[in-house]
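This report describes one protein chain and its ligand, with attention to the annotated site, the domains and the core. Please consult the sequence and the structure shown below alongside the text.

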Amino acid sequence: MSSSEEDNENMCRPTTPNEADCCGNGCDPCILDVHKRLLEQWKTNKLAGVHERHKRNLLNLVEYKKFIVTGIETASADSIFIRLKYKGNIEHSAQLFLNPGQHVILHTPTLSRPFTPILWTHNNLLLLVKLYAKGSFSNYAKQLKIDDQIDIRGPYGDFLYKSNSYEQILMFSIGSGIASLYPIAKSIIIDNDEEETKIHLIAGFRSLAHVPLKKELRALADYWNFKCTLQISQDDGDITLNGLKMEHGRLKEGIVRELLKYHSLQTTLILICGTPEFNDGLEKIIRDTRYLHYHIFK
Ligand SMILES: Cc1cc2nc3c(=O)[nH]c(=O)nc-3n(C[C@H](O)[C@H](O)[C@H](O)COP(=O)(O)OP(=O)(O)OC[C@H]3O[C@@H](n4cnc5c(N)ncnc54)[C@H](O)[C@@H]3O)c2cc1C
C-alpha cells in the first residue's frame, strides 16, 4: 500500500470522541457506543481489505453539528414544525443525507432527544415536534426563537426500503409516530415514478385539530397507490377531509386485526410507529397473524 493510501485509510478511521462528549443523559444511542460500533466496522473492513468510499454527510454519528432555527410554525393543536439550517460553510462535496425514517439526536445544553426529520434538503431539515404539557424538551421547544442554536448528530435507524419489494405496505401510527412514516410514504409515492407498491397509512389522533401534515397527506392521496385512514378517538361530529378516509374511535386491536385479514402474509410490509405500548400491542398481533415482514420505529 502506498503511503498516500495508508494516510487516506487512517483519515477514514472514525474520530474518537472525548469521554466528555457523552452528555450523561442516557441518549440512545450514546455517542461512545456509536463510536465503538464504527471502530469495529472500520477494523473489520480494514482486515478484509474493503476500502469504503466515504460519502460526505453533513451529519455525523459521533460528532454534534451546529444547526440554527430558521422557522417555527404550528403544525396542529399539539405540535409544531421546527426548521433547522446547518450553521457554517458547507464543503463542496458535503451534503445532508438521511434515509427516510431515520432519526437524529437533538442536543440542547441540558438534554438530548431523538426526532425524525420529515423533510430535508442539502443543508436543512424540518422536524415535526409534539408538545407535551410537562415534557422537558417540549418546554424547551416552546421557547425556541429564530437563530437559536441546536446541536444534532446522526442519522440513526436501520430501516432501508428497496423499491418495489412489496405489493403493499400497511403503516400504523399514533400521534407524532407519523413523523417516521410520512417521509417513507412520500419517498415511495411521490419521489419514485417507478413504484408499483400500494400504501395504506392508518394514523390515530385525538381529534382532527391534532392531525398535522393534512395538506401533505392529501397530496399523497392524489396518487393511485396511496390511501390514508385517520382514526379519530374523540367524537368530532361528522368530520371530513377531502381525499382522506375518516373513522371514529381509537386505533385499537380489533381494527388492526380486521385489516390484516385481507392482505398477503408474504408480500405485505407492515410499518409501525407509536408509543411503546402501541408498538408492543401491534407486534403481538403481527406475530399471532404470522405476517413475515414488519418494522417498528422506536
Ligand atoms: C427514534 C425516535 C424518534 C422520535 N421522533 C419524534 C418526532 O419526530 N417527533 C416527536 O414529536 N417525537 C419524536 N420522538 C419522541 C421524542 O424524542 C420525545 O420523547 C418526546 O418529544 C417527549 O420529550 P419531552 O422531553 O418533551 O418529554 P419527557 O420530559 O421525556 O416526558 C414527559 C412526559 O411526557 C409524556 N410523553 C413523553 N413522550 C411520550 C410519548 N412518546 N408518548 C406519550 N407520552 C409521552 C409522558 O407523560 C412523560 O412522562 C421520537 C422518539 C424516538 C425514540
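## Annotated site and ligand shell

An unreviewed UniProt entry assigns the feature "binding site" to R113, P114, L128, K130 and S138. UniProt positions follow the numbering used here, feature names are shortened, and annotations may be inferred rather than shown by experiment. These residues are spread over 26 residues of sequence, yet they cluster in space, with a largest C-alpha distance of 13.0 Å. The model is a predicted one, in which local features need pLDDT of at least 70 and side-chain atom pairs count only at pLDDT 80 or more, whereas totals for chains, interfaces and linings use all residues. Residues are numbered from 1 along each chain as its sequence is written.

Two of the annotated residues can be placed in their surroundings. L128 is found in strand 6 (residues 124-130), and S138 in helix 3 (residues 136-142). Helices (H or I, at least four residues) and strands (E, at least two) are DSSP runs, numbered from the N terminus. L128 counts as buried because 22 C-beta neighbours lie inside 10 Å, whereas S138, with 17 such neighbours inside 10 Å, counts as partly exposed. A residue is buried if 20 or more other C-beta atoms lie within 10 Å of its own, exposed if 12 or fewer, and partly exposed in between, with C-beta atoms placed from the backbone.

Not counting residues up to four places away in sequence, L128 touches A75, S79, F81, I118, S176, A179 and P212. With the same sequence neighbours left out, S138 touches L131 and Y132. Contact requires that the C-beta atoms of two residues, placed from the backbone, lie within 7 Å.

Around the ligand there are 19 residues, of which G135, F137, S138, S176 and A179 come nearest; a residue is near a molecule or strand if its C-beta atom, placed from the backbone, lies within 6 Å of it. Strand 4 (112-115), strand 6 and helix 3 each supply at least two residues of this shell, and strand 6 gives the most, with four residues. By residue class, the shell divides into eight nonpolar, seven polar and four charged. Ala, Val, Leu, Ile, Met, Phe, Trp, Tyr, Cys and Pro count as nonpolar, Asp, Glu, Lys and Arg as charged, and the others, Gly among them, as polar. Domain 1 (65-156) and domain 2 (168-296) each provide at least three residues of the shell around the ligand.

## Domains and their contact

The domain assignment of the protein chain gives domain 1 (65-156) and domain 2 (168-296), with bounds that come from an automatic or database domain assignment. The centres of the two domains, taken over C-alpha atoms, are separated by 24 Å. Eleven residues from domain 1 and twelve residues from domain 2 take part in the contact. On the side of domain 1 that touches domain 2, strand 1 (65-76) and strand 6 each supply at least two residues. The residues on that side of domain 1 divide into five nonpolar, four polar and two charged.

The unreviewed UniProt entry also carries the annotation "domain: FAD-binding FR-type", which covers residues 62-162. Over residues 62-162 the chain is 7% helix and 46% strand, and the end C-alpha atoms are 27 Å apart.

## Nonpolar core

The largest nonpolar core has 62 residues, among which M171, L181 and A185 touch the most other members. Such a core is a set of buried Ala, Val, Leu, Ile, Met, Phe, Trp, Tyr and Cys residues joined through C-beta atoms within 7 Å. Helix 4 (residues 178-189) gives the most to this core, with eight residues. Domain 1 and domain 2 each contribute at least three residues to the core. Leaving out residues up to four places away in sequence, L181 touches M171, S173, L201, L271 and C273.

## Backbone details

The peptide bond from G154 to P155 is cis, with omega near -5 degrees, and P155 is found in strand 7 (residues 149-156). Two residues that are not glycines have a positive phi, as tabulated here.

| Residue | Phi | Loop | C-beta neighbours within 10 Å |
|---|---|---|---|
| L213 | about 60 degrees | strand 9 (198-205) to helix 5 (214-221) | 21, buried |
| R290 | about 65 degrees | helix 7 (276-289) to strand 13 (293-296) | 9, exposed |
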